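Open your viewer, switch to a cartoon display and keep the selection panel handy. We will go from the whole chain to single residues, one stop at a time.

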Amino acid sequence: MESLFVSEITVLGIGNTILTDEGFGVKVVEYLRENYKFPDNVQLIDGGTLGVELQHFIIGTEKLLIIDSIDGGAVEGTTFHLHGDEILNHFTQKISTHEIGIQDILTMLEITGKKIPCIELLGAQPYSLNAGINLTPQMQKLLPIFADKALEILKSWGVDYLKN
């Protein structure tokens, strides 16, 4: 299946925004969208909990940055930066719907010879996964920090951006 919109670079925020810090990836993408302007070859995707439906938006992209809350069994607020195969290994240990979907997509792309050449993942250990539409105050403080980390990665990929 071909992409609906092929962009060279995709920033994908995933997570469930009704489980407090689980929605962190989506909130970081929203923060980037509100505060920065990117060139046409960069797409920001709020992947929410779409799972395998996300394939339509990432097939054909050359560089993919995934942002998510990560249960790495670490202290709350711990940050993670994974590359390439480390990402698939991370998602094989997860059981939430959106993470299974991402694992399926990345595996399918590899099997069909459409593997995304460059994938990185930024994540943070959540403080809470209780029901609620707002991030915890601690996770909220990480938004600009993760936006800066995402911008550093994008800059290393040759992306020029403007602050709104």
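Here is a short walk through the fold, the central sheet, its helices and one charged pair.

**Before you click**

This is a predicted model, in which local features need pLDDT of at least 70 and side-chain atom pairs count only at pLDDT 80 or more, while totals for chains, interfaces and linings use all residues. Residues are numbered from 1 along each chain as its sequence is written, and side-chain values use heavy atoms, with hydrogens and water left out.

**Stop 1: the whole chain**

Colour by secondary structure and you should find five helices and seven strands; helices (H or I, at least four residues) and strands (E, at least two) are DSSP runs, numbered from the N terminus. From start to end, the order reads β-α-β-β-α-β-β-α-α-β-α-β. Of the 164 residues, 48% are buried, where buried means under 20% relative accessible area, exposed over 50% and partly exposed in between (1.4 Å probe, protein chains only).

Now show the surface. The chain exposes about 8000 Å², with 54% of it supplied by carbon and sulfur atoms; these areas come from the Shrake-Rupley method with a 1.4 Å probe, and for residues only the protein chains shown count as cover. Among contacts (heavy atoms within 4.5 Å) with a separation of 6 or more, 79% are between residues 24 or more positions apart.

**Stop 2: the sheet**

Hide the surface and select the five strands of the open, mixed sheet, in the order β3-β1-β4-β6-β5. Its edges are β3 (42-48) and β5, each pairing on one side only; two strands pair if DSSP finds at least two bridges between them. From one strand to the next, the twist averages 15°.

**Stop 3: strand β1**

Select residues 9-14, which form β1. How many of the six residues of β1 are buried? Six of the six are, so β1 is largely enclosed by the rest of the structure. Ile9, Val11 and Gly13 lie on one side, with Thr10, Leu12 and Ile14 on the other, and both faces are covered.

Stay on Gly13 and look to either neighbouring strand. Its partner in β3 is Asp46, and β1 and β3 run parallel over six bridges. In β4, Gly13 has Ile67 as its bridge partner, and five bridges join the parallel strands β1 and β4.

**Stop 4: the helices on the sheet**

Add residues 24-35, helix α1, which packs on the sheet and touches β1, β3, β4 and β6. The direction of α1 makes about 145° with that of β3. Then add α5 (residues 137-156), which touches β1, β4, β5 and β6 and makes about 165° with the direction of β6. Axes here are lines fitted to C-alpha atoms, for helices over the stretch in contact, and angles run from 0 to 180 degrees between N-to-C directions.

**Stop 5: strand β6**

Select residues 118-124: six of the seven residues of β6 are buried, so this strand is largely enclosed by the rest of the structure. Centre on Leu121. Ile66 stands opposite Leu121, where β4 (residues 63-69) pairs with β6 in the parallel sense over seven bridges. Leu82 also stands opposite Leu121, and here β5 (residues 79-83) runs antiparallel to β6 with five bridges.

**Stop 6: a charged pair**

Finish with Asp160 and Lys155 as sticks: their side chains meet in a salt bridge at 3.2 Å, N to O. The rule asks for a side-chain nitrogen of Lys or Arg within 4 Å of a carboxyl oxygen of Asp or Glu, and the count by this rule is one. Asp160 is exposed at 53% relative accessibility, whereas Lys155 is partly exposed at 47%.
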